[in-house]
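The following exercises introduce one structure through short tasks. Each task is followed by a solution in steps.

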Amino acid sequence: RGSAKSDLGDNHDALEDYNQAIALNPKNTIAYINRGLSWQRLSNQMQANVDWQNALKLLTDKLLQKPK
């Protein structure tokens, strides 16, 4: 839903959806990336960077995991 709202230019509501997605799954890398895009579209580059750093950390952690 967040992506659809963001595509329509409703970035404030998109943020709420991404917040819910992250609350349900704190390892949802895509939600962090997309929320960062919404923050950027709302001219909040600092918060966008925070979300993108979180996404990068999650991806890095996943890549560095030892196979089970």
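**Exercise 1.** Determine which residues Thr29 contacts beyond its neighbours within four places in sequence.

*Solution.* Contact means heavy atoms within 4.5 Å. With neighbours within four places in sequence set aside, Thr29 is in contact with Ala55, Leu58 and Leu59. Thr29 itself lies in helix α3 (residues 29-41), where helices (H or I, at least four residues) are DSSP runs numbered from the N terminus. Its relative accessibility is 14%, so Thr29 counts as buried; buried means under 20% relative accessible area and exposed over 50%, with partly exposed in between (1.4 Å probe, protein chains only).

This is a predicted model, in which local features need pLDDT of at least 70 and side-chain atom pairs count only at pLDDT 80 or more, while totals for chains, interfaces and linings use all residues. Residues are numbered from 1 along each chain as its sequence is written, and side-chain values use heavy atoms, with hydrogens and water left out.

**Exercise 2.** Establish which residues of α4 are buried, and where they lie around the axis.

*Solution.* The buried residues in α4 are Ala48, Asp51 and Ala55. They lie on the same side of α4, because they cover an arc of only 70° around the axis; the arc is that of the directions from the helix axis to the C-beta atoms. These buried residues pack against α3. The face turned away from the buried side carries the exposed residues Met46, Gln53, Leu56 and Leu64.

**Exercise 3.** State whether Asp17 is buried or exposed, and what it touches.

*Solution.* Asp17 belongs to helix α2 (residues 11-24). Its relative accessible area is 9%, so Asp17 is buried. Not counting residues up to four places away in sequence, Asp17 touches Arg1, Gly2 and Lys5.

Key. Helix = DSSP H or I, 4+ residues; strand = E, 2+ residues; numbered from the N terminus.
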